[in-house]
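Me: Please take one part of this structure and go through it closely with me. I am in my first year, so I would like a slow, connected explanation that also shows how that part sits among its surroundings.

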Amino acid sequence: MNDREDATLVADCLNGNRQSFETLLDRYQKLVFNLALRIVNDRDEAADVTQTVFIKAYENLHRFNPRYKFYSWIYRIATNESLNIVKARKPVEALSDELESSDLAPDALLGILEDSRLMEEALGRLTPENRAVVVLCHVNGLSYREIGDVLEISEKKVKSRLFSARKQLKTLLLKLRS
Amino acid sequence: MNDEKLFRLIQQEVDGTNTDRESITLHEYCSLHPEARKLLDEHRALARALEKIPAVNPPARIRAEIIRGIHPGRSPLVRRPAVFSRVFSSVAAFRPPYIAYAAAAVVIIVALVTFQSKYRDLVGNGRVIGTIGGATTAPPLNPDQSFDVSVAGISGTVQFEHDQGKTLVDLSLHSATGCEVTIDYDPNAIQFDSFIPSNGDETSLKTLPGQVTLTHRGDASYRIAFTATATPRFPLAFQFFSAGNLVFEQSEHLP
């Protein structure tokens, strides 16, 4: 993505050119939808989140600070919207201490990883905060710093959360497989 | 290597952000510790698997729904103004005729000229530069080499004494909000000797070659001593600052 081009499109839109916003919409619609989908784990809700995100972005475009990247800003809106939905739900299955300390055969992991459906299920069972970090890193390809900007946490916190998320993911995969 | 560092290096290695040195350190450690190697391999494999999760196309209806949601009435710039905003915008939209601007400019120029000539009469030998909230009166220059200051919240007296080649400057000042006084002198003709505060709420002194600066707040009196080294007569230039602005200046030729 060209940040400068995004900034120009935002400026054009603020000058009344609605077509520019449609270009931004086409550019980020799929990325926002996939970010939301991996956090809320439901297609219909992800579609609702995507719609809300772009309408909110349009109405608040004058608040966007062009010193930052447009996609960081829109991902932040998307992450917050998605996390609000997940947090409003009843907890499905919390990761118990028993599972954390389970001693399942770790060698089984490498074979399991080929099963992307299992991976998607495990991802959906991560804690919402850990899920957001993993998705922003691996699905949207953001750097630690960009993830920190989106989630408003330090880079150090991003690293530690990502490490514990992968650890949690490994345990979940082994558990789901067994 | 402690666990925290190991986890950090594994994390960075997987995400490709380790420096060359960090990468070498990690691989050396892994070659000696199989469990660390295994952890690194697992995290790499997890990262690769996560990246393989296929991207999903959003439903086609979303775009149309978003476009409908941002109809022209919901622009990022045009918002339905509240009653106050409507009144304010109509006031802001009012444009007076050019003659009104010209008349206002004339009034301002006349006021400035009157103000300046009035102050010139008041000041005498000293020069009031500006006022900041305080009453301004003329600072009379006394023949026995002392002067009063009463400008912009600074009031007090500056007196001079001469004793065996030394010149003593006694300042007694009051400034509730604080002020700064600089004394400029010719370092080839005189030298700064000493600073003696008699009493004072908050006073500090900075010295540079050719300049002494006092920062003062409240009531204080102090004595500054100079010694003549070259000529028997020398100038001292006083400048008084209030809120960072020069408000009064006075020059004295001593003795």
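Reply: In chain B of this predicted model, residues 24 or more positions apart account for 51% of the contacts with a separation of 6 or more. The secondary structure of chain B comes to 6 helices and 9 strands, and 22% of its 255 residues count as buried.

The part of chain B to follow closely is the run of strands E3(B), E4(B) and E5(B). Strand E3(B), residues 146-151, and strand E4(B), residues 154-163, run antiparallel and are joined by 6 bridges. One place to find this pairing on the model is Ser150(B), which stands opposite Ser155(B) in E4(B). The two strands form a hairpin with 2 residues between them, and in that turn Ala152(B) has a positive phi of about 50°.

Strand E4(B) then takes part in another pairing, since 9 bridges join E4(B) to strand E5(B), residues 166-185, and these strands also run antiparallel. Here Glu161(B) stands opposite Leu168(B) in E5(B). E4(B) and E5(B) again form a hairpin with 2 residues between them, and in this turn the positive phi, about 50°, belongs to Gln164(B). When you trace the strands by eye, remember that in a regular strand the side chains alternate between the two faces of the sheet.

Now look at the surroundings, beginning with the other chain. The contact between the chains takes 35 residues from chain A and 28 residues from chain B. On the side of chain A that touches chain B, several helices each supply at least two residues, among them H1(A), H2(A), H8(A) and H10(A). H2(A) gives the most to this side, with 8 residues, and the residues of the side divide into 20 nonpolar, 8 polar and 7 charged.

Helix H8(A) deserves a longer look. Its buried residues include Arg131(A), Val134(A) and His138(A), and what covers the buried residues of H8(A) includes H2, H4, H7, H9 and H10 of chain A together with H3 of chain B. One of these neighbours is H9(A), residues 144-151: the axes of H8(A) and H9(A) come within 10 Å and cross at roughly 135°, which makes H8(A) oblique to H9(A). The crossing of these two helices is right-handed. On the H8(A) side the contact is made by Ala132(A), Val133(A), Leu136(A) and Cys137(A), and on the H9(A) side by Ile147(A), Val150(A) and Leu151(A). By class, this contact has 7 nonpolar residues, with no polar and no charged ones. It helps to recall that an α-helix has 3.6 residues a turn, so residues three or four places apart point the same way.

Finally, three places in chain A also have a positive phi. Just after H8(A), Gly141(A) takes a positive phi of about 65°. Asn41(A), in the loop between H2 and H3 of chain A, has a positive phi of about 60° although it is not a glycine, and Glu152(A), in the loop between H9 and H10 of chain A, has one of about 55° although it is not a glycine. The surroundings of the two loop residues can be set side by side: Asn41(A) is buried because 21 other C-beta atoms lie within 10 Å, whereas Glu152(A) is exposed because it has 10 other C-beta atoms within 10 Å.

Methods: Residues numbered from 1 in each chain as written. Chains lettered and ligands numbered in written order. Predicted model: local features only at pLDDT ≥ 70, side-chain atom pairs only at ≥ 80, totals over all residues. Contact = placed C-beta atoms within 7 Å. Helix = DSSP H or I, 4+ residues; strand = E, 2+ residues; numbered from the N terminus. Nonpolar A, V, L, I, M, F, W, Y, C, P; charged D, E, K, R; others polar. Axes fitted to C-alpha atoms, helices over the stretch in contact; angles between N-to-C directions. Parallel < 35°, antiparallel > 145°, perpendicular 65-115°, else oblique. Left-handed = near helix turned anticlockwise from the far one by under 90°. Buried ≥ 20, exposed ≤ 12 C-beta atoms within 10 Å, placed from the backbone. Pairing = 2+ DSSP bridges.
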